[in-house]
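Good morning, everyone. Please take a look at the sequence and the model on the screen, and then I will walk you through some residues.

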Amino acid sequence: DTVSTAWFDYTVTSVGAAEEYAGYHSAQGDQLVVVELTIKSTYTQSTMMFDSDFQLSWSGMEQDDTRCMPVEYYCDKQLPAEYELAPKESRSGVLVYQVPEEEQEFQFAFQEIYDDGTQEGRLGDLYVMDLTLQS
């Protein structure tokens, strides 16, 4: 499915689990969830993007669990920690999350935040996609 936000469309092209991805090993009791996605700008101006724009959650997750954020950038298959998406530009890459090994179902979320001059910004729409790992 393709999701359309205020600034871009994104499509999750694959999702998988592994103990190791491109040399990065999960911590004991965790697994790596690798989400491959394509982002295509639909906005008339460049948009600043961050890997943390896309967060992963799961049932029973503690609210302050930092594993909902992608692991630090370590390989060029990943989307960078920060990048600019030019008008009409399309970019593909992966986001790698370290999550509890027993989890199989996730919610992949993007929250629109508009610059309104405050530090927090004004919240826009929240887009949530259900992801299930294949056993």
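Let's start with Tyr-83. Tyr-83 is buried, because its relative accessible area is 5%, and the cut-off for buried is under 20%. Keep in mind that this is a predicted model. Where along the chain are we? Tyr-83 lies in strand 8, which covers residues 82-85.

Now, what does Tyr-83 touch? Set aside its neighbours within four places in sequence. The contacts of Tyr-83 are then Ile-39, Thr-47, Met-48, Met-49 and Arg-91. Here is a distance to go with that. Tyr-83 and Ser-57 are 26 residues apart along the chain, and 23 Å separates their C-alpha atoms.

Next, Leu-79. You will find Leu-79 in the loop between strand 7 and strand 8. Is Leu-79 buried or exposed? Leu-79 has a relative accessible area of 2%, so it is buried. Its contact list, again without neighbours within four places in sequence, includes Leu-37, Asp-51, Tyr-73 and Ser-92. Two more names on that list are Ile-39 and Arg-91. You have heard those already, since Tyr-83 is in contact with Ile-39 and Arg-91 too. The list for Leu-79 also holds Gly-93, Val-94 and Leu-95. One distance here as well. From Leu-79 to Met-69 is 10 residues along the chain, with 13 Å between the C-alpha atoms.

On to Ser-41. Ser-41 is found in strand 5, residues 30-41. Its relative accessibility is 3%, so Ser-41 counts as buried. What does the side chain of Ser-41 reach at 3.3 Å? That is the backbone nitrogen of Tyr-43. There is a second polar partner. The backbone oxygen of Ala-86 sits 3.4 Å from a polar atom of the Ser-41 side chain.

Ser-41 also touches Trp-7, Phe-8 and Leu-85, leaving out residues up to four places away in sequence. Ala-86, Pro-87, Lys-88 and Glu-89 are touched as well. Hold on to Lys-88, Phe-8 and Trp-7 from that list. Each of them comes back.

Lys-88 now. Lys-88 lies in the loop between strand 8 and strand 9, the latter being residues 90-100. Is Lys-88 buried or exposed? With a relative accessible area of 66%, Lys-88 is exposed. Look at the backbone too. Lys-88 is not a glycine, yet it has a positive phi of about 70 degrees.

Ala-22 has a positive phi as well, about 50 degrees, and is not a glycine either. The place of Ala-22 is the loop between strand 3 (20-21) and strand 4 (24-25). Ala-22 is partly exposed, because its relative accessible area is 40%.

Back to Phe-8, and to the aromatic rings. How many aromatic pairs are counted? The count comes to 13. One of them joins Phe-8 and Tyr-10, a tilted pair with 6.1 Å centre to centre and 50 degrees between the planes. Phe-8 is buried, with a relative accessible area of 0%. Tyr-10, at 0% relative accessibility, counts as buried too.

Now a pair with another geometry. The ring centres of Tyr-97 and Phe-108 are 6.5 Å apart and the planes stand at 85 degrees, so this pair is edge-to-face. Tyr-97 is in strand 9 and Phe-108 in strand 10, so the pair ties together parts 11 residues apart in sequence. Tyr-97 is buried at a relative accessible area of 0%, and Phe-108 is buried at 0%.

Those four residues belong to one aromatic cluster. Its other members are Phe-54, Phe-110 and Tyr-127.

Phe-110 takes us to the last topic, the largest pocket. How many residues line that pocket? There are 25. Nearest its centre lie Phe-110, Trp-7, Asp-53, Gln-111 and Ile-113. Two or more lining residues come from each of strand 6 (47-50), strand 7 (54-57) and strand 10 (105-114). Which strand gives the most? Strand 10 does, with seven residues.

What is the lining like by class? It has 14 nonpolar residues, eight polar and three charged. And the space in this largest pocket is about 530 Å³.

That is the tour. Questions, please.

Definitions and conventions:
Residues are numbered from 1 along each chain as its sequence is written. This is a predicted model: local features need pLDDT of at least 70, side-chain atom pairs count only at pLDDT 80 or more; totals for chains, interfaces and linings use all residues. Side-chain values use heavy atoms; hydrogens and water are left out. On a 1 Å grid over the protein atoms alone, a cavity is a set of points where a 1.4 Å probe fits but cannot get out, and a pocket is an open set with protein on both sides within 12 Å along at least five of seven lines; lining residues have an atom within 4 Å of a point. Grid points are joined across faces, edges and corners, and a volume is the space filled by probe spheres set on the points. Helices (H or I, at least four residues) and strands (E, at least two) are DSSP runs, numbered from the N terminus. Ala, Val, Leu, Ile, Met, Phe, Trp, Tyr, Cys and Pro count as nonpolar, Asp, Glu, Lys and Arg as charged, and the others, Gly among them, as polar. Buried means under 20% relative accessible area, exposed over 50%, partly exposed in between (1.4 Å probe, protein chains only). A polar contact is a pair of N or O atoms within 3.5 Å; within protein, one must be able to donate a hydrogen and the other to accept it, and residues adjacent in sequence count only if both atoms are side-chain atoms. Contact means heavy atoms within 4.5 Å. Rings of Phe, Tyr and Trp (its six-membered ring) pair if their centres lie within 6.5 Å; planes under 30 degrees apart count as stacked, over 60 as edge-to-face and the rest as tilted.
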